[in-house]
There are 4 protein chains.
Amino acid sequence: MVVVMGTDATSEQVDAVVARVVDSGGDAFVSRGVSRTIIGLVGDVDQFHTLDLRGMPGVTDVVRISAPYKLVSRQHHAQMTTVFVGDARVPIGPDTFTLAAGPCAVETPEQTLEAAHMARAAGATLLRGGAYKPRTSPYAFQGLGEAGLRILADVRLETGLPIVTEVVDAHDVELVASYADMLQIGTRNAQNFALLQAAGEVGKPVLLKRGMTATIEEWLMAAEYIAQRGNLDIVLCERGIRTFESATRNTLDISAVPVAHDLSHLPVMVDPSHSGGRRDLVVPLSKAAIAVGADGLLVDVHPHPEAALVDGPQALVNGDLRALAQAVRQLPPLFGRRPADEA
Amino acid sequence: MVVVMGTDATSEQVDAVVARVVDSGGDAFVSRGVSRTIIGLVGDVDQFHTLDLRGMPGVTDVVRISAPYKLVSRQHHAQMTTVFVGDARVPIGPDTFTLAAGPCAVETPEQTLEAAHMARAAGATLLRGGAYKPRTSPYAFQGLGEAGLRILADVRLETGLPIVTEVVDAHDVELVASYADMLQIGTRNAQNFALLQAAGEVGKPVLLKRGMTATIEEWLMAAEYIAQRGNLDIVLCERGIRTFESATRNTLDISAVPVAHDLSHLPVMVDPSHSGGRRDLVVPLSKAAIAVGADGLLVDVHPHPEAALVDGPQALVNGDLRALAQAVRQLPPLFGRRPADEA
Amino acid sequence: MVVVMGTDATSEQVDAVVARVVDSGGDAFVSRGVSRTIIGLVGDVDQFHTLDLRGMPGVTDVVRISAPYKLVSRQHHAQMTTVFVGDARVPIGPDTFTLAAGPCAVETPEQTLEAAHMARAAGATLLRGGAYKPRTSPYAFQGLGEAGLRILADVRLETGLPIVTEVVDAHDVELVASYADMLQIGTRNAQNFALLQAAGEVGKPVLLKRGMTATIEEWLMAAEYIAQRGNLDIVLCERGIRTFESATRNTLDISAVPVAHDLSHLPVMVDPSHSGGRRDLVVPLSKAAIAVGADGLLVDVHPHPEAALVDGPQALVNGDLRALAQAVRQLPPLFGRRPADEA
Amino acid sequence: MVVVMGTDATSEQVDAVVARVVDSGGDAFVSRGVSRTIIGLVGDVDQFHTLDLRGMPGVTDVVRISAPYKLVSRQHHAQMTTVFVGDARVPIGPDTFTLAAGPCAVETPEQTLEAAHMARAAGATLLRGGAYKPRTSPYAFQGLGEAGLRILADVRLETGLPIVTEVVDAHDVELVASYADMLQIGTRNAQNFALLQAAGEVGKPVLLKRGMTATIEEWLMAAEYIAQRGNLDIVLCERGIRTFESATRNTLDISAVPVAHDLSHLPVMVDPSHSGGRRDLVVPLSKAAIAVGADGLLVDVHPHPEAALVDGPQALVNGDLRALAQAVRQLPPLFGRRPADEA
């Protein structure tokens, strides 16, 4: 059950609805969007019907929804969401095209700064980089941890680029959020519900990658876990699914972009680097992502891919990076969007 | 083992090579390309080495190749192939963007003609339409057979559009080829080797759909079956693969386009209609296909989709069709190609 | 629509029903089972309702069924089918456990005879062996063709074992059936509808392998294509499906056995050789197949696997073969079945 | 790099190795098995080579291994592991067959006690039941949490059955371990590395379910994360993988049992309830699991499946449960194992 507040509802009116629900034994989760606030109710629906919520001040509608996700659905939120990241308020949404680029893993201050300069030169307005790396093998490099976060913060100071970085454990969320402008939740944690809930409570935008074997519905349900804790600043990121095809690391599900846009008001980005796992596919897949209607890209760049500790074979450098830069400047206007670095 | 003939090799020189191979107990398959002829050898490789083929007149090179496909590979055929269809010699290749459109199944002369007019208005230069329909259920409509081929031929006469139509049985190949300008081999026959071989012998271009569960390598090997019988006029068509995702009928493997272009000199088209199985996805997926570098599209249109006997829910009509027409006229030039109907 | 004839219906009564349906413009396919005859109707259902088929002599019931398969369904045929193969009438059905074994490909008379002796020693009552091999690569060994069929016939004469052998082209069905006791349709032809129909018309039992990417429903529909042409002597064979797991060649879908038994009256065998693609898995998977309720096994054996032209790594020999022999003798009685060679 | 200690190595000798590694800047993880202790090293391999570890007292071997998993591999640990659970020291290993049964979710004390009695009557020697339920939807019942753990502890007191229960968050591990005899890690957390590491440190055996889309190698790597933190008391549990087949909830990968046994010394159980998701498949799949060589089963039972809050359609009751009881008593001895409740 969802309570839709009016566009001019006050905080007091929202609080009053929450109080009435909680007093009756239910739980209420407030999701403040740009244009309106939605309150998701969890508990005994029949009990809620006795509360006369529809009659309370500021309430526009009370909806009993059977769809498995509610807060992230377009059903009651037709207008597409724009998420703003960092002090620079970099927009990700329907009018713009946003490039987030950077090294897969933060290794050294020099490598990170150099990658950031490369990213900005390519049109990036967000810096991506991992300090915590979830790795299939316990013997693989797991990231620098907080030291990596400090490097990212220094590079932000130097370049002005807001930071997108991954968090892999619910109990690191506050720490990571104290450095990051946007939290990334990776494909292996797509059903780590404790992490999703923690990310929903910390007050920073979240970039939610699709589980490599998640259906689009499961992906939206994962987003619902975040939204339910009061955070609607969520950007979905398609990054390839696991199939029988082995020519590519994963199979980019390009259809997921229009399908997710049809079902949800959240922005959708595409990660062409992890989808293909091959440098030579990044530019063609980026062009396809722009053409299909994605709201942005998440791309690996590295000054010295041959020495990268993680995912070097897919990181862009030199010529490929210039081709990407050209694509993200020239193509988005043809599809009704401001280019990446004018976003 | 493959014998590469020089660009000015004569038929007699080719025949001489074939004769020497056959006399030694092997098989030789001649593939005449636009610029040169290649002869694939099957049999005892050690025996072939004793034949001194390299010393024969007209022979440029003799190559022992370990790749599972040879004739369709770019390894010995770096230049991309352009396939020409019909008397109108409609090109499908690297410089153009070609739209083949029409009804999934030929039902009546009126429906087919009307669909053909719609197709041409949208920029199509080829008419697609099925007279033989392979259907999962034996109780489903299986197509009109030769009566459908006659309808297609009549509509070609009326509209000038060359015909692409499916053949499902090796022993129908000659009949279908007597009507069609291009034979289509469907996803369920991707490893029907008898059919592939028959299609390779009949002298018409072939549109080879990817098996819904074929790897890219298996798809190229299927093409190799056709090529080995002397026909290199093959166009690959990506049409979605089977995955766990059920929001779409299949998962369009958009990466397959650049991957196939990297491995093979054959043109690659995309079928956005069967990939998604949803009308609302056809235009966005078509745009993605153009942007990623496909050489053309295969699209279902139907004058009355609600009454279509096969696959109505994905057929374009009216507004969607106009959006498609706009995309195939405006976008290809931005990616270095002549638009669909100027091809 | 299906017409169910009484157990004592005469041929004339069946013919009369067929005639009335055909006169009305429809098609009728007669399936004679052990206990009763069923007539499948294809055409205009409303038209059929006007024919008063239910009132005709010998007719027990006329059923309009919405399930996609009818003749192979248990809905109107609750009793499980036993299929009998060859002059020896080797049974495959609910009371027995049947082992079909032999070389993947027929290579020489000696190899085939030796493999047949190995098979019989292991408890096999059917000899499997391929004369026509569908191969992913056109450069791989494709089988001996009719020469291979003659070898199989000679070995049958020598050993008394009925022959199961694959047919890959609709137009070879008569030829293959003139040698074989049971036709095998392989995984790559699971939706080669022309082949399925031809196999349904030739009057020999059919072993129908599941498509490596076919759902159980699609597999039963493929069987329906055979049944619809009048042949209910069909044995289903689970042989592994394509998944992301690469430790095995395919993933044996062991659940498919009870699921298919629940939906269909047809016997279900398991091919542990092609499922796993590894010799060391054949015996454990065979035991699992017996325990889960399969009606038989299809196993590769080869006297000299290291020299096999096709699929040597999975062929049993020596110790493994003795372990298989022990399993197929000792286990079936524990699950209510007569062992393989007492079947 | 792995240091293999002799069977009579003392704790002091182990500590000395660890100290030398740590002093050199590396990390060392001690895994004490039944027969011997193994120390996994993480860090600079070249540096480790300078430490002369092989010359230290108690050290048998120092091995540089390239396999992605080491501690759980059979390469250096040929003998199969038996894991003992609870004060009753219930064995799970190569000589026994162990049944863990109980309700999918703990709902009430009565339901849990009743299910425990059913489980024990069926031959179970371990009680399974979830207090923390990871659910795809945030609106679904998420389990009773610590209240559920208390119910399980009460039922253990009443029935004597050790408890297997799931933990979903790294920071709940200590709490759950304070109640449970064995920690279960579920399919959605198969790559939640923080949780795996925490479970490796708490000193209780771990039941590690395969990720629904994990390869066998990834599953063993997940086990390696647990082992690396010093816990080799790990039981693998195959529970079905995600495929295109929709007749079953997941596809039980029965081959994974012998494949995992071939690669790893850890016991392997099978969960036939979540694999099939259908009550009628539980008994046949259980029989297949016993026959293929599994070390035990994990089965859902519920006194009133129709009222179950989670997964009622697959819970056993009455007749099916008696059939299961019969199978787990009669079949294991035929495959060289003591039956479930004599284990």
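1. Two strands count as paired here if DSSP finds at least two bridges between them. With that in hand, welcome to the structure, which is a predicted model. A good place to start is chain B, where strand β9 (residues 163-166) and strand β10 (residues 182-185) are joined by three bridges and run parallel. Within this pair, Glu166(B) stands opposite Gln184(B) of β10(B).

2. Stay with β10(B) for a moment and look at where its residues point. In a regular strand, side chains alternate between the two faces of the sheet. Strand β10 of chain B shows Met182(B) and Gln184(B) pointing one way, while Leu183(B) and Ile185(B) point the other way. All four of these residues are buried. Gln184(B), the residue facing Glu166(B) across the pair, is thus on the side that Met182(B) also takes.

3. What do the strands of chain B close into? Eight of them form a barrel, in the order β7-β8-β9-β10-β11-β12-β13-β14, with parallel pairing. From one strand to the next, the twist averages 25 degrees. Further round this barrel, strand β12 (residues 234-238) of chain B is joined to strand β13 (residues 268-270) of chain B by three bridges, and these two run parallel. Here Cys237(B) stands opposite Met269(B) in β13(B).

4. Chain C has a closed barrel of eight strands as well, running β7-β8-β9-β10-β11-β12-β13-β14 with parallel pairing. Its twist averages 25 degrees from one strand to the next. For a pair to look at, try strand β13 (residues 268-270) and strand β14 (residues 296-300) of chain C, which run parallel and are joined by two bridges. Met269(C) stands opposite Gly296(C) in β14(C).

5. A helix in chain C is worth finding next. Helix α3 (residues 109-121) of chain C lies across β7 (98-102) and β8 (126-128) of that chain. Relative to β7(C), this helix runs at about 155 degrees.

6. For an overall view, turn to chain A, which has 11 helices and 14 strands. Chain A is divided into domain 1 (2-63) and domain 2 (83-342). Taken over C-alpha atoms, the centres of the two domains of chain A are separated by 33 Å. Along the principal axes, the C-alpha atoms of chain A fill a box of roughly 65 × 40 × 40 Å.

7. How does the radius of gyration of chain A stand against that of a compact globule? A compact globule with 343 residues would have a value near 20 Å, and chain A has 20 Å, so the two agree. Of its 343 residues, 62% count as buried. Among the contacts in chain A between residues at least 6 apart in sequence, 66% join residues at least 24 apart.

8. Two loop residues deserve a look for their backbone angles. Asp52(A) lies in the loop between α2 (45-49) and β4 (59-63) of chain A, and its phi is near 55 degrees, a positive value in a residue other than glycine. Asp52(A) counts as exposed because 11 other C-beta atoms lie within 10 Å, where the cut-off for exposed is 12 or fewer. In chain D, Arg89(D) lies in the loop between β5 (83-85) and β6 (90-92), with a positive phi near 50 degrees. Arg89(D) is exposed too, with 10 other C-beta atoms within 10 Å.

9. Buried or exposed: which is Glu224(D)? This residue, found in helix α7 (residues 216-228) of chain D, is buried, because 27 other C-beta atoms lie within 10 Å and 20 or more is the cut-off for buried. Leaving out residues up to four places away in sequence, Glu224(D) touches Tyr69(D), Lys70(D), Leu71(D) and Val72(D), along with Pro138(A). Glu224(D) and Val72(D) are 152 residues apart along the chain, yet their C-alpha atoms are separated by 6.0 Å.

10. Finally, see how chain D meets chain C: 31 residues of chain D are in contact with 31 residues of chain C. On the chain D side, the elements giving two or more residues are α8 (256-263), α9 (272-276) and α10 (279-292). The largest share, nine residues, comes from α10(D). By type, the residues on this side of chain D divide into 16 nonpolar, 10 polar and five charged.

How values were computed:
Residues are numbered from 1 along each chain as its sequence is written. Chains are lettered from A and ligands numbered from 1 in the order in which they are written. This is a predicted model: local features need pLDDT of at least 70, side-chain atom pairs count only at pLDDT 80 or more; totals for chains, interfaces and linings use all residues. Domain bounds come from an automatic or database domain assignment. Helices (H or I, at least four residues) and strands (E, at least two) are DSSP runs, numbered from the N terminus. Axes are lines fitted to C-alpha atoms, for helices over the stretch in contact, and angles run from 0 to 180 degrees between N-to-C directions. Two residues are in contact if their C-beta atoms, placed from the backbone, lie within 7 Å. The radius of gyration is taken over C-alpha atoms; the globule rule is 2.2 Å times the number of residues to the power 0.38. Ala, Val, Leu, Ile, Met, Phe, Trp, Tyr, Cys and Pro count as nonpolar, Asp, Glu, Lys and Arg as charged, and the others, Gly among them, as polar.
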